[in-house]
Amino acid sequence: MLFNIALISSLAAAVIAAPAPVPQTTNNPTYSWDVTGWSAGCARAGCYYDFNITAPAHGTNPTVPAFSAYCSGSENGFGLGGDYRACNIFDDLPANRGVVAKLLPAPTGSGAHIQVSLQWTDLEQASTYYNYTGHANSTYNQFVAPLQSFKITPTEFFGVA
Ligand SMILES: *[C@@H]1O[C@H](CO)[C@@H](O)[C@H](O)[C@H]1NC(C)=O
Ligand SMILES: *[C@@H]1O[C@H](CO)[C@@H](O)[C@H](O)[C@H]1NC(C)=O
Ligand SMILES: *[C@@H]1O[C@H](CO)[C@@H](O)[C@H](O)[C@H]1NC(C)=O
């Protein structure tokens with residue numbers, strides 16, 4: 001048990017000591033995520049969102065894994081642009097993936113601005129991880145317009161191979 005704790009803390013120290021990967025901007029016109037069932041609104045306690053996001057597997061070296069996730073959350077106590085909130089991956093694919101989302105302030109006017117991030121580990125190389133992040137402008141449509149669908153094209157990428 002003590003041995004395990006020592007091992008975990010030395011691993012944690014190694015992770016902290018490693019330089020943080022620098023995100024690169026990316027804009028691959030053949031790779032995007034599909035948002036469906038988008039619903040967002042604002043109440044006195046703040047704004048909130050609800051949607052599904054899915055994508056097929058894409059590319060090689062690394063292959064971006066397919067995923068289907070349900071994201072739901074609200075602005076935190078500090079307003080828009082706070083911490084990410086985990087989405088719930090609901091497919092059964094054999095992959096080590098995480099999807100997170102957060103609401104940001106609208107760049108202009110009163111729209112909703114969502115940021116989503118996908119991170120995964122290559123199952124055959126457990127020390128690797130890759131991370132894509134993308135944004136989209138949408139609207140606070142709840143009660144006033146139907147559920148919306150749109151695409152998010154990731155614009156930032158980093159990988160530790
Ligand atoms: C998300 O997808 C699941 C599974 O297909 C479905 O049951 C659910 O209604 C969808 N939710 C939204 C917000 O579209
Ligand atoms: C992707 O990297 C960003 C920046 O480090 C981080 O905030 C985010 O949580 C990562 N995404 C996931 C799904 O872990
Ligand atoms: C969101 O809208 C702003 C202002 O119009 C624009 O600059 C930005 O590129 C848009 N973002 C996306 C992801 O389309």
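One helix and eleven strands: that is the protein chain. Keep in mind that this is a predicted model. Walk from the N terminus and the helix comes before the strands, in the order α-β-β-β-β-β-β-β-β-β-β-β.

Some global numbers. The protein chain has 161 residues, and 34% of them are buried. Its exposed area is about 9,600 Å². Carbon and sulfur atoms supply 59% of that area. On contact order: take the contacts between residues at least 6 apart in sequence, and 51% of them join residues at least 24 apart.

Next, salt bridges. How many does the structure hold? Two.

Start with Asp34 and Lys151. Their closest N and O atoms are 2.6 Å apart. This pair links distant parts of the chain, with the two positions 117 residues apart in sequence numbering. Asp34 belongs to strand β2, residues 33–43. Lys151 belongs to strand β10, residues 148–152. Are these residues buried or exposed? Asp34 is partly exposed, at 28% relative accessible area. Lys151 is exposed, at 53%. The cut-off for exposed is over 50%, so Lys151 qualifies with its 53%.

The other bridge joins Arg97 to Asp91. Here the closest N and O atoms are 2.8 Å apart. Both Arg97 and Asp91 are buried.

On to the ligands. There are three to cover, and I will take ligand 2 ahead of the others.

Which residues surround ligand 2? Tyr84, Gly98, Val100, Ser117, Gln119, Asn131 and Phe158. By class, that shell splits into three nonpolar and four polar residues, with no charged ones. Now the polar atoms. Ser117 places a polar side-chain atom 2.7 Å from a nitrogen atom of ligand 2. Asn131 has a side-chain N or O atom 2.4 Å from an oxygen atom of the ligand. For Gln119, a side-chain N or O atom sits 3.4 Å from an oxygen atom of ligand 2. Which elements give two or more residues to this shell? Strands β7, residues 96–104, and β8, residues 112–121. On its own, ligand 2 has 360 Å² of accessible area, and the protein covers 61% of it.

Stay with Ser117 for a moment. Ser117 sits in strand β8. Buried means under 20% relative accessible area, so Ser117 counts as buried with its 5%. Note that its side chain also reaches the backbone oxygen of Tyr132, at 3.5 Å. What does Ser117 contact, leaving aside neighbours within four places in sequence? The list is Trp33, Tyr84, Gly98, Val99, Val100, Asn131, Tyr132 and Thr133. Tyr84, Gly98, Val100 and Asn131 also appear in the shell around ligand 2.

Now ligand 1. The residues around it are Gly37, Asp50, Asn52 and Phe90. One is nonpolar, two are polar and one is charged. Asn52 brings a polar side-chain atom to 2.2 Å from an oxygen atom of ligand 1. Taken alone, ligand 1 exposes 360 Å², and the protein buries 42% of that.

Then ligand 3. Its surroundings are Pro107, Thr108, His135 and Asn137. The class count is one nonpolar, three polar and no charged residues. What is the distance from an oxygen atom of ligand 3 to an N or O atom in the side chain of Asn137? The value is 2.4 Å. Ligand 3 alone exposes 360 Å², of which the protein buries 39%.

Put the coverage values side by side. Ligand 2 is at 61%. Ligand 1 is at 42%. Ligand 3 is at 39%.

Last stop, the end of the chain. Where is Ala161? In the segment after β11, which spans residues 154–160. Ala161 counts as exposed, because its relative accessibility is 84% and the cut-off is over 50%. Ala161 still has partners. Not counting residues up to four places away in sequence, Ala161 touches Thr128 and Tyr130. Ala161 and Thr128 lie 33 residues apart in sequence, yet their C-alpha atoms are 4.6 Å apart in space.

Methods:
Residues are numbered from 1 along each chain as its sequence is written. Chains are lettered from A and ligands numbered from 1 in the order in which they are written. This is a predicted model: local features need pLDDT of at least 70, side-chain atom pairs count only at pLDDT 80 or more; totals for chains, interfaces and linings use all residues. Side-chain values use heavy atoms; hydrogens and water are left out. A residue is near a molecule or strand if one of its heavy atoms lies within 4 Å of it. A polar contact is a pair of N or O atoms within 3.5 Å; within protein, one must be able to donate a hydrogen and the other to accept it, and residues adjacent in sequence count only if both atoms are side-chain atoms. Accessible areas come from the Shrake-Rupley method with a 1.4 Å probe; for residues, only the protein chains shown count as cover. Ala, Val, Leu, Ile, Met, Phe, Trp, Tyr, Cys and Pro count as nonpolar, Asp, Glu, Lys and Arg as charged, and the others, Gly among them, as polar. Helices (H or I, at least four residues) and strands (E, at least two) are DSSP runs, numbered from the N terminus. Buried means under 20% relative accessible area, exposed over 50%, partly exposed in between (1.4 Å probe, protein chains only). Contact means heavy atoms within 4.5 Å. A salt bridge is a side-chain nitrogen of Lys or Arg within 4 Å of a carboxyl oxygen of Asp or Glu.
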